[in-house]
Amino acid sequence: MKKQLWDGLGRFSYDNRWLIPGLAIASSVAQFILSKLIVAISFVAVLSFVLFLSALWSVAKQSNAVRPEIVDGDSADEKPVEMEAPSLPIGIDDSKVGEGIEISSLPEATDDSSPADDAEARYMEISTELADKGDVKSLQALYETEMAKTASDEERNKKRAWFEYAYVHAGDSGRTSESLESLKKMVEDRLAPQENILTFYAGALAILGETDGAIGALLQYSELFTLNDRVSALLNAADYYGKSGRHDEGIALLTPILSNRDVDDTQRAEAWKYIGDGVKARTPMQAMASYERALKLSPANTAARFSLAYLYSKHGFHILARYHYGVTYNANLAVPTATNNLGACLVALELPGRGFAMYNRAGEEGSALAWANMAHMLIEAGDFERAKQCIEKGAALSDSEDRIISARESLATVIKTESERAEKLNNDAVLLRAAMADALDAPAIDLNRMSGTWKLDDEREIVLTAAGDTLSGKDSKKKNLVTLTLKDGELAAGVRPSEFEPMVHGFAYCKDDQIVLLLSEVSRDTERIVRLSRSGSHAHLALGAAVSAEGSSG
């Protein structure tokens, strides 16, 4: 039995005589591949870490730079938003384009409005000016004139409703109640155009501070309208919610509209824009998505496009911001604030020439902020005379503009600083030339004279040790401070012994009881006179505070 077992094992070993060496080879190959894989993974990890640090450094540099300023668009006067130039000034105009303004009121590439549209806009503009002044008498005269030349019942109803609204706006206590009742009756009688009359009625209630009443009227009476007119009423109601700080209620009101394909695309786009406006302060990424959906439904929605471009720019998506501002600009729909903001995007994208051109155009079109952005760029470039001209042009438009004020202050500070620095450099030159003359006439220095313990102005002690033509320095904690080499009176030094390039060039010489070092610190573009003198039981190292001329790369 044992013999058979041993015979079997022997045959197995003979038949598989290559198995064990094969397994050994396979194991070696696997270990080799694994080791290389570990090296590769380690390399990738190190590279990723380096790239991460590089990215952080870039962000840090960018955050420390002076950025241009742009405008967002939420100001009470509903102006467009403006920006300033990146890495120079900061200034974006945050008065929103189209907030509460119909797209038709913005400039168009082509004018296809009818004479009737122009006439309507004209009487509304004049009556608004009269209402603002409270001139009810002139308002009444205009109303009678307009009604006399209007034949159609629908147009007469519309004008009547508008002027009743204007009377309420004028604040005439004798007519307010009468006008409000008149508007309400027109709504209840379902006079055409229903949607316009209801809008004026709700507006009158809002003027009187009855925001909830305005919303209630829009929701109640809009049920009688056709779908699109009803949606217009809901959009107006949501707008009142927003103006009273209740955006969430407005969003809830409009949400059913978003997926209703029977609703006109332009109205659904307005609903998405409203949502973007409501959430942009809390969740800007969600707001960006809402504006993009609005533009997908209605690419002509200039207000949504401007708001989207502003958000993109504010959160660092300058390429996307440039695209949307550019669409508006290329379609000749841009207002000065949009042109200014486009300039800021271009500067942020390192296209300063094109950015400057946009600032110039926006400034000529009436943007004080654009002139301020240009002024900051020119100050940075050292063109003070042109910067002053830009500040004057901006101040003529808006002397209270913050960026104009900061540009004026910055220019004054820079001019003063340069003047003081120039005077100091003149004085430093006298001292440096005197020290250089002494260095040329002084006897050669012996580094051994510099060995020993020295005391700095801040009471720290350093120990200098001479060895041949090299002088090493350590502080009291044994940390290496500097390594000096001296040959034929010429001095070179490194901040650390491991530095390959000299960080200091200069001369060393003796004068009276002092050792004088005349140094140029290469890394900082700084020239210094360093004097070492005996002081009590310690040597005293006095840095020449009178001479410390630092260049632009310091």
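Reader: Why does Arg190 count as partly exposed?

Author: The relative accessibility of Arg190 is 46%, and partly exposed is the term for values between the cut-offs of 20% and 50%, so Arg190 counts as partly exposed. Please keep in mind that this is a predicted model. Arg190 is placed in the loop between helix 6 and helix 7, and although Arg190 is not a glycine, its phi is positive, at about 55°.

Reader: What makes Glu350 count as exposed or buried?

Author: Exposed requires a value over 50%, and Glu350 has a relative accessibility of 69%, so Glu350 counts as exposed. Its place is in the loop between helix 15 (336–348) and helix 16 (352–364), and its phi, near 60°, is again a positive value in a residue other than glycine.

Reader: Which peptide bond is cis?

Author: The bond that runs from Ala192 to Pro193 is cis, with an omega near -5°, and Pro193 itself lies in the loop between helix 6 (173–188) and helix 7.

Reader: Why is the contact between Lys149 and Glu146 called a salt bridge?

Author: The term asks for a side-chain nitrogen of Lys or Arg within 4 Å of a carboxyl oxygen of Asp or Glu, and the N to O distance between the side chains of Lys149 and Glu146 is 3.3 Å, so the pair meets the cut-off. Lys149, with 60% relative accessibility, counts as exposed, whereas Glu146, with 8%, counts as buried. Together with Lys159, these two residues are linked in a network of salt bridges, and the structure holds 14 salt bridges.

Reader: How do you know that Arg246 forms a salt bridge with Asp212?

Author: The closest N and O atoms of Arg246 and Asp212 are 2.8 Å apart, and the cut-off is 4 Å, so this pair also qualifies. The pair links distant parts of the chain, with Arg246 in the loop between helix 9 and helix 10 and Asp212 in helix 8 (residues 211–221), 34 residues apart. Arg246 also meets the side chain of Glu249 in a salt bridge, at 3.0 Å from N to O. As for accessibility, Arg246 counts as partly exposed at 25%, and Glu249 is partly exposed at 37%.

Reader: What makes the pair of Tyr123 and Phe163 stacked?

Author: A search of the whole structure finds seven aromatic pairs. In the pair of Tyr123 and Phe163 the ring centres are 5.9 Å apart and the planes lie at 15°; rings pair if their centres lie within 6.5 Å, and planes under 30 degrees apart count as stacked, so the pair is stacked. Tyr123 lies in helix 3 (residues 115–133) and Phe163 in helix 5 (residues 153–170), so the pair ties together parts that are 40 residues apart in sequence. Tyr123 and Phe163 are buried, and ring pairs link them with Tyr143 into a cluster.

Reader: Why is the pair of Trp162 and Phe200 called edge-to-face?

Author: There the angle between the planes is 70°, with 5.4 Å from centre to centre, and planes over 60 degrees apart count as edge-to-face, so the name follows. Trp162 is in helix 5 and Phe200 in helix 7 (residues 194–207), 38 residues apart. Trp162 is buried, with a relative accessible area of 10%, and Phe200 is buried with a value of 10%.

Reader: How do you know that helix 11 is largely enclosed by the rest of the structure?

Author: Of the 15 residues of helix 11, 12 are buried, so the helix is largely enclosed. The buried residues, including Trp272 and Tyr274, pack against helix 9 (227–243), helix 10 (247–258), helix 12 (284–297) and helix 13 (302–314). Over the ring of Trp272 sits the charged end of Arg293, 4.9 Å from the ring centre.

Reader: Where is the confidence lowest and where is it highest?

Author: In the protein chain, the mean pLDDT is lowest in strand 11 (residues 538–550), at 39, and highest in helix 12, at 97. Over the chain the mean is 75, and 62% of the residues reach 70 or more.

How values were computed
Residues are numbered from 1 along each chain as its sequence is written. This is a predicted model: local features need pLDDT of at least 70, side-chain atom pairs count only at pLDDT 80 or more; totals for chains, interfaces and linings use all residues. Side-chain values use heavy atoms; hydrogens and water are left out. Buried means under 20% relative accessible area, exposed over 50%, partly exposed in between (1.4 Å probe, protein chains only). Helices (H or I, at least four residues) and strands (E, at least two) are DSSP runs, numbered from the N terminus. Contact means heavy atoms within 4.5 Å. pLDDT is the predictor's confidence in each residue, from 0 to 100. Rings of Phe, Tyr and Trp (its six-membered ring) pair if their centres lie within 6.5 Å; planes under 30 degrees apart count as stacked, over 60 as edge-to-face and the rest as tilted. A charge sits over a ring if NZ of Lys or CZ of Arg is within 6 Å of the ring centre and within 35 degrees of the ring normal.
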